[in-house]
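Subject: Structure for you to look at

Hello,

Here is the structure I said I would pass on. Please open it beside this email and follow along, since the notes below go through it piece by piece.

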Amino acid sequence: MSKGLDVGTMNLVSASTEKGGQIKTSRIRNVFLDLPRNAKKLIKLSGASFIEGKDSLLIVGDNAFDMANMFGRVARRPLSQGIVSNNESNAIDVLGYMIKTLLGEPSKQGEVCYFSVPAPPIDNPSKDIVYHKRLFERIINECGYTAFPSNEAMAVIFSECESTNFSGIGFSFGSGMTNVALANLSMECLSFSCERGGDWIDSGASKAVGVSQISVCLEKEKGIDLLNPKNRTQEAISFYYKELIEYAVDVVVSEFNRKRLNMTITKPLPIIVSGGTSKAGNFLEFFSQVISKKKLPFDISEIKHASDPYNAVAVGLLIQANAEE
């Protein structure tokens, strides 16, 4: 009788517990596409989900992504770099519709729903997440739930580190951001985000080799082996992956050293990597090679992929929601 909701730049993912104790996850691609109002009959015939905007129809979710690719357009996103976009006037209406569709009706009024929020971005200190957090809190509460915000990377630890009493380091490599948290016995010791993720990789690689960002994204999505790039575009992608991983690990080291007087880590910690950006071929081996060259201020017991990298955050949020219930 509780839910977890991962609010990602690319996808919204919910997690709930079915009868028998099995965890069920559902996903909606976090995009929309505007079409003229005279297309309403055709859209209804296609069965696509849409809402009526002031001057246009807004197709949402996977239908929007598919139609955008069909017509050579770029699907619009309600979120940018991990938080609500201030350049999309329709963002709030679209998010409200998709979240209500994804969560469904609560089993009881006030059912607990934990939702993910990024840590403050360390590479953009002036950017805060207050509006983002409170907006989703309002939307979820209006759906009949009681909303609780929770750190995205901590959710990875709750999902994957039960055997170590929820001690570990969680890396959530998303589209808009990378979130990192270090926990000891379920207590958050440090957390941060950086405004680098899958979109940052696509943007950098596209500029480096002179192709469109969409082309880079499609190259990545059709399958890439980071250890064995097959062409110039794939090589550029692997370079930016390496830069992203090095950057995130360097921040972990500097932040830990800055706060280490307040920390006592007595046992080796597992590192868990998660998120859609971590699904590239040989990512775990690639990550391990990069981190092996870094001098870490603590011991590592293992480096592993989350059991379900796409859904680990939502599952970790559900675990917290169940505890709250």
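The salt bridges come first: there are 16 of them in this structure. Please keep in mind that this is a predicted model. As background, side chains of opposite charge can pair when their charged atoms come close.

**Three salt bridges**

One of them joins the side chains of Arg27 and Asp62, with 2.9 Å from N to O. Arg27 belongs to strand 3 (residues 23–29) and Asp62 to helix 2, so this pair ties together parts that are 35 residues apart in sequence. Arg27 counts as partly exposed, at 39% relative accessibility. Asp62 is also partly exposed, with a relative accessible area of 28%.

Another salt bridge is formed by the side chains of Lys40 and Glu52, where the N to O distance is 2.5 Å. This pair links distant parts of the chain, with Lys40 in helix 1 (residues 40–46) and Glu52 in strand 5, 12 residues apart. Lys40 is partly exposed at 27% relative accessibility, and Glu52 is partly exposed with a relative accessible area of 42%.

In a further case, Lys220 pairs with Asp202, and their closest N and O atoms are 2.8 Å apart. Lys220 sits in helix 7 and Asp202 in helix 6 (residues 198–209), so the salt bridge ties together parts that are 18 residues apart in sequence. Are these two residues buried or exposed? Buried means under 20% relative accessible area. Lys220 has 15% relative accessibility and therefore counts as buried. Asp202 has a relative accessible area of 3%, so Asp202 is buried too.

There is also a network: Asp34, Arg73, Arg76 and Glu88 are joined into one by salt bridges that share partners.

**The sheet of three strands**

Next, find the open sheet made of three strands, which has the order 4-6-5 and antiparallel pairing. Which strands are at its edges? They are strand 4 (32–35) and strand 5 (50–52), each of which pairs on one side only. On average, neighbouring strands in this sheet are turned by 25 degrees against each other, direction ignored.

Strand 4 and strand 6 (residues 57–60) run antiparallel and are joined by four bridges. To see one position in the pairing, look at Leu35, which stands opposite Leu57 in strand 6. Helix 2 (residues 62–70) lies across strand 4 and strand 6, and runs at about 105 degrees to strand 6. Helix 2 is also the helix that holds Asp62 of the salt bridge with Arg27.

**The sheet of five strands**

A second entry on sheets: five strands form an open sheet in the order 3-2-1-9-10, and the pairing is mixed. Strand 3 and strand 10 (145–151) are the edge strands, each pairing on one side only. Here the neighbouring strands are turned by 20 degrees against each other on average, direction ignored.

Within this sheet, strand 1 (residues 2–7) pairs with strand 9 (residues 111–117) in the parallel sense, over four bridges. Lys3 has Cys113 in strand 9 as its bridge partner. Which helix lies across these strands? Helix 10 (residues 312–324) does: it lies across strand 1, strand 2 (11–17), strand 3, strand 9 and strand 10, at about 145 degrees to strand 1.

**A nonpolar patch**

On the surface, Val74, Ile214 and Leu218 form a nonpolar patch, and together they have about 260 Å² of accessible area. Leu218 is part of helix 7 (residues 213–221), the helix that also contains Lys220. Leu218 counts as partly exposed, at 44% relative accessibility.

**Two residues with positive phi**

Gln81 is not a glycine, yet its phi is positive, at about 50 degrees. Gln81 is placed in the loop between strand 7 (79–80) and strand 8 (83–84), and counts as partly exposed at 34% relative accessibility.

Phe166, likewise a residue other than glycine, has a positive phi near 60 degrees. Phe166 is in the loop between helix 5 (152–160) and strand 11 (168–173). At 22% relative accessibility, Phe166 counts as partly exposed.

Regards

Notes
Residues are numbered from 1 along each chain as its sequence is written. This is a predicted model: local features need pLDDT of at least 70, side-chain atom pairs count only at pLDDT 80 or more; totals for chains, interfaces and linings use all residues. Side-chain values use heavy atoms; hydrogens and water are left out. Two strands pair if DSSP finds at least two bridges between them. Axes are lines fitted to C-alpha atoms, for helices over the stretch in contact, and angles run from 0 to 180 degrees between N-to-C directions. Contact means heavy atoms within 4.5 Å. Patches are made of residues with over 30% relative accessible area and no salt bridge: like charges are joined within 9 Å, nonpolar side chains (Val, Leu, Ile, Met, Phe, Trp, Tyr) within 5 Å. Accessible areas come from the Shrake-Rupley method with a 1.4 Å probe; for residues, only the protein chains shown count as cover. A salt bridge is a side-chain nitrogen of Lys or Arg within 4 Å of a carboxyl oxygen of Asp or Glu. Buried means under 20% relative accessible area, exposed over 50%, partly exposed in between (1.4 Å probe, protein chains only).
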